[in-house]
Structure formats: C-alpha cells, structure tokens
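Reader: I am new to this structure and should be grateful for a close look at a single part of it. Please begin with one residue and work outwards from there.

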Amino acid sequence: MSINRITAERFREYSKTVTKSHTETIDTMIDFFEKANITPKSTFMMSFYKFQKYMRGRLDYIIELLREHERKYHKPTHDMLRTLFEGNTCLECAQREGALFVEQMFEKLTREEWNLKEDSVPKRKYDILKKERSEERKEMLETLGKLTLVKPRFGKTYYKLEIEEAELTNFKRKLTLFH
C-alpha cells in the first residue's frame, strides 16, 4: 500500500489521538464506516454537504438582513435616545446624518415669548375671546330661532328665515368681522 508523504504524516498525528497503533486506528475507522453504512461518495453524504452549504448561505443572508436592519432602524433610534438622556442637542447627529431639521432642546424664554412661539393665548385674551364667542352663539341661536319650516304641497320642504333686510345685512357684517 503506497500513501502520500503528507497524508502519512497527517495519519500518524491523528492515529496518536485515537489508539496506540496505526493498525488499530485503521480498523476503528473501517468499523465506523461499515457500521454507519457511509462511504465518502454516497448520495447521503453529498446531499448532506449540499444542505450544509445551502444553510450557510441562508444564515449569511439572515445575518446580513439583521445588520442592515440594525443600521437603518436600531442605530438611529439608539443615537436619538442617547442624546436625549445625555441632555445634548441633536446637532451632532444632524451633522453626521445630514438632517435638515434640528430642534433646540433647552431655550430660556419668557412667558410671552413661549406664548408667541407656541401660538397660545394668554388667560386674559382667552377670557375676552370666550366672551365674544358666547355673544356670537347667542346671536346665532336667535337667528336660527327665526327659521320656519315650509312644507309646500308640491316640491321639497325648505326653511324660511323671517327677518328684515337690514337685520340680515347686519348679521352678515358681524359674521365677516368675527372670522
């Protein structure tokens, strides 16, 4: 039996880990292959290797998908939360990511400046507007009270507003002033 020199060296190293002699190692290997009914060229082994290669490819794809997901979604969210908890502005993130909108997190403004910035109405102005709205509501209810339902013998029913022409123009003028 002739064996390549490199293969013989590999076998000697492997043989030392399995049994004391080279003959026992070969016998053990042959017994294993016979009992397991495995040959290196069997279809089972070839399909197993193909399956193993396919699974490695799928796992690589899944790993790449997870990395991409992390890059797109998790990292930006993590950066935003980190800057929020550190109390820094998002200016660094915006410069790094190229964002167009940057909020100033901590501004020192007076109450009037905040009201102007948030378009909110102070308490006094709110009370005045509330009073005006209630007056508008009263006038609107009075005008609606002057509506009467007309049911003609032929055609559809309709509402008739029974007020003078001057009252109508006055009412229209007030509505245009309110809005």
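In which helix is the place of Leu 175?

Author: Leu 175 has its place in helix α7. Before that setting is described, a word on the model is in order. The model is predicted, so local features require a pLDDT of at least 70 and side-chain atom pairs count only at pLDDT 80 or more, whereas totals for chains, interfaces and linings use all residues. Residues are numbered from 1 along each chain as its sequence is written, and side-chain values rest on heavy atoms, with hydrogens and water left out.

Helices (H or I, at least four residues) and strands (E, at least two) are DSSP runs numbered from the N terminus. The protein has seven helices and two strands, and from the N terminus on, its elements follow the order α-α-α-α-α-α-β-β-α.

Leu 175 has a relative accessibility of 32% and therefore counts as partly exposed. On this scale, buried stands for under 20% relative accessible area, exposed for over 50%, and partly exposed for what lies in between, with a 1.4 Å probe and protein chains only.

Leu 175 belongs to a nonpolar patch on the surface, together with Met 140, Leu 141, Leu 144, Leu 147, Leu 149, Tyr 159, Leu 161 and Leu 168. The accessible area of these residues together is about 780 Å². Four elements give two or more residues to the patch: α6 (123-145), β1 (147-150), β2 (158-161) and α7 (165-178). The largest share, three residues, is supplied by α6. A patch is made of residues with over 30% relative accessible area and no salt bridge; like charges are joined within 9 Å, and nonpolar side chains (Val, Leu, Ile, Met, Phe, Trp, Tyr) within 5 Å. The areas are computed by the Shrake-Rupley method with a 1.4 Å probe, and for residues only the protein chains shown count as cover. For the protein, the accessible surface comes to about 17,200 Å², and 58% of it belongs to carbon and sulfur atoms.

Helix α7 also takes part in a salt bridge, that is, a side-chain nitrogen of Lys or Arg within 4 Å of a carboxyl oxygen of Asp or Glu. The side chains of Lys 146 and Glu 167 form such a bridge, at 2.8 Å from N to O. Since Lys 146 lies in the loop between α6 and β1 and Glu 167 in helix α7, the pair ties together parts that are 21 residues apart in sequence. Lys 146 is partly exposed, with a relative accessible area of 32%, and Glu 167 is likewise partly exposed, at 36%.

Seven salt bridges are found in the whole structure. In one of them, Glu 68 meets Lys 72 at 3.2 Å, N to O. Glu 68 and Lys 72 are four residues apart in helix α3 (residues 43-86), so about one helical turn separates them. Another bridge joins Arg 71 and Glu 64 at 3.7 Å, N to O; Arg 71 is exposed, at 53% relative accessibility, while Glu 64 is partly exposed, at 39%. In addition, Lys 75, Asp 79 and Arg 82 are linked in a network of salt bridges.

A contrast to the partly exposed Leu 175 is offered by Thr 25, which is buried with a relative accessible area of 0%. Buried residues make up 8% of the 179 residues in the protein. Thr 25 is found in helix α2 (residues 22-36). Apart from its neighbours within four places in sequence, Thr 25 is in contact (heavy atoms within 4.5 Å) with Phe 11, Tyr 14, Ser 15, Val 18 and Thr 19.

Helix α1 (residues 5-18) packs with α2 at an angle of about 80°, and the two axes are 9 Å apart. Phe 11, Arg 12, Tyr 14, Ser 15 and Val 18 of α1 make this contact with His 22, Thr 25, Ile 26 and Met 29 of α2. The axes are lines fitted to C-alpha atoms, for helices over the stretch in contact, and angles run from 0 to 180 degrees between N-to-C directions. Angles under 35 degrees count as roughly parallel, over 145 as roughly antiparallel, 65 to 115 as roughly perpendicular and the rest as oblique. Helices α1 and α2 are therefore roughly perpendicular to each other.
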